[in-house]
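User: I've got this one open on my screen and would like to talk it through. Can you take my questions one at a time?

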Amino acid sequence: EVRIMRKLYLPSIEQKEEAKHGEAFFPVQRYITRIVADYPSVTTHWHEEAELTLITEGDCTYQIDLVNYEVKKGDILFVPPLFLHSISRGTSEEMISETYVFHLNFLGANSTDICATRYLAPMMRQEFAMPCVISPAHPMYARVRKQFDEIAEVYTSQIVGYELEIKSLLLKTIFLLLPY
């Protein structure tokens, strides 16, 4: 069963984030975000990369594709490419999150194999929906959280071949979320 993504808007070029995420040959970048009274939000933006985020402290409101999600410590978020998204302060003094921003071409979206043509390229074209919030109640939470923790460990260690492991862990995460 294919679920068509609703597109509530056309992203404007003014809202495109200009930051370079990672490097040309390894377009993966880790970010730690702190939302506090002095820095209460991340403004609405979009980019060609996808995001995988873990809320490590506190709570906040994520707006993804014009839908508000109240998220808290332990929740995992998946933001597909080209989706407008923003973060605003919740009830806690501070919210901290760890995010991996990655281009689907790094995972092979621009190749011509079955993985690209059946899953990755359609995801980039927003032809099907995947869950944006994976909370502890989600049936795949434990497995996705395990993938996230391994991504964090390998990204930090940068052992020989870590790029291969990051690629495989990101692909596995997408595989786990596809049925939902």
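## Questions on the fold

Analyst: Tyr-180 counts as partly exposed, at 33% relative accessibility. Keep in mind that this is a predicted model.

User: Where does Tyr-180 lie, and what separation do the C-alpha atoms of Tyr-180 and Ala-129 have?

Analyst: Tyr-180 belongs to the segment after α3. Along the chain, Tyr-180 and Ala-129 are 51 residues apart. Their C-alpha atoms are separated by 8.2 Å.

User: How many salt bridges does a search of the whole structure find?

Analyst: Side chains of opposite charge can pair when their charged atoms come close. Here the cut-off is a Lys or Arg side-chain nitrogen within 4 Å of an Asp or Glu carboxyl oxygen. Searching the whole structure on that basis gives six.

User: Which strands hold Glu-98 and Arg-30?

Analyst: The side chains of Glu-98 and Arg-30 form a salt bridge, at 3.1 Å from N to O. The two are 68 residues apart in sequence, so the pair ties together separate parts of the chain. Glu-98 sits in β8 (residues 95-102), and Arg-30 in β1 (residues 28-35).

User: Is Glu-98 buried or exposed?

Analyst: Buried means under 20% relative accessible area. Arg-30, at 33%, is partly exposed. Glu-98 has a value of 12%, so the verdict is buried.

User: Which residue stands opposite Arg-30 in β8?

Analyst: β1 and β8 run antiparallel and are joined by eight bridges. Across from Arg-30 in β8 you'll find Tyr-100.

User: In what order do the strands of the five-strand sheet come, and which are its edge strands?

Analyst: It's an open sheet with antiparallel pairing, in the order β1-β8-β3-β6-β9. An edge strand here pairs on one side only, and that picks out β1 and β9.

User: Which strands stand at the edges of the four-strand sheet?

Analyst: That sheet is open too, antiparallel, and ordered β2-β7-β4-β5. Neighbouring strands in it are turned by 25° against each other on average, direction ignored. Two of the strands have a single partner, so one side of each is left without a neighbour in the sheet: β2 (41-45) and β5.

User: And what stands opposite Ser-41 in β7?

Analyst: Three bridges join β2 to β7 (residues 85-89), and the two run antiparallel. Facing Ser-41 in β7 is Ser-88.

User: Where do Glu-57 and Lys-73 lie?

Analyst: Their side chains meet in a salt bridge of 3.5 Å, N to O. The pair links distant parts of the chain, 16 residues apart: Glu-57 in β3 (residues 50-57), and Lys-73 in the loop between β5 (67-72) and β6 (76-79).

User: Does Lys-73 count as buried or exposed?

Analyst: Exposed means over 50% relative accessible area, with partly exposed between that and 20%. Glu-57 has 36%, so that residue is partly exposed. Lys-73 has 53%, so the label is exposed.

User: Which helix do Asp-149 and Arg-145 lie in?

Analyst: An α-helix has 3.6 residues a turn, so residues three or four places apart point the same way. Asp-149 and Arg-145 meet in a salt bridge of 3.0 Å, N to O. They are four residues apart, about one turn, and both lie in α2 (residues 141-157).

User: How far does α2 reach from its first C-alpha to its last?

Analyst: α2 has 17 residues, and the expectation at 1.5 Å a residue is 24 Å. The reach in the model is close to that, at 24 Å.

User: What covers the buried residues of α2?

Analyst: The buried residues are Tyr-141, Val-144, Gln-147, Phe-148, Ile-151, Ala-152, Val-154 and Tyr-155. Their cover includes β1, β3, β6, β8, β9 (133-134) and α3 (162-177).

User: Which residues touch the most other members of the largest nonpolar core?

Analyst: In soluble globular proteins, nonpolar side chains tend to be buried together. The largest nonpolar core here has 33 residues, and the ones touching the most other members are Phe-78, Phe-102 and Ile-166. At least two residues each come from β3, β6, β8, α1 (114-124), α2 and α3.

User: How many residues does the other core have?

Analyst: That core lies apart from the largest one. Its members include Ile-55, Val-71, Met-95 and Cys-132, and its size is 13 residues.

Methods:
Residues are numbered from 1 along each chain as its sequence is written. This is a predicted model: local features need pLDDT of at least 70, side-chain atom pairs count only at pLDDT 80 or more; totals for chains, interfaces and linings use all residues. Side-chain values use heavy atoms; hydrogens and water are left out. Buried means under 20% relative accessible area, exposed over 50%, partly exposed in between (1.4 Å probe, protein chains only). The expected span of a helix is 1.5 Å times one less than its number of residues. Contact means heavy atoms within 4.5 Å. Two strands pair if DSSP finds at least two bridges between them. A nonpolar core is a set of buried Ala, Val, Leu, Ile, Met, Phe, Trp, Tyr and Cys residues joined through side-chain atoms within 4.5 Å. Axes are lines fitted to C-alpha atoms, for helices over the stretch in contact, and angles run from 0 to 180 degrees between N-to-C directions.
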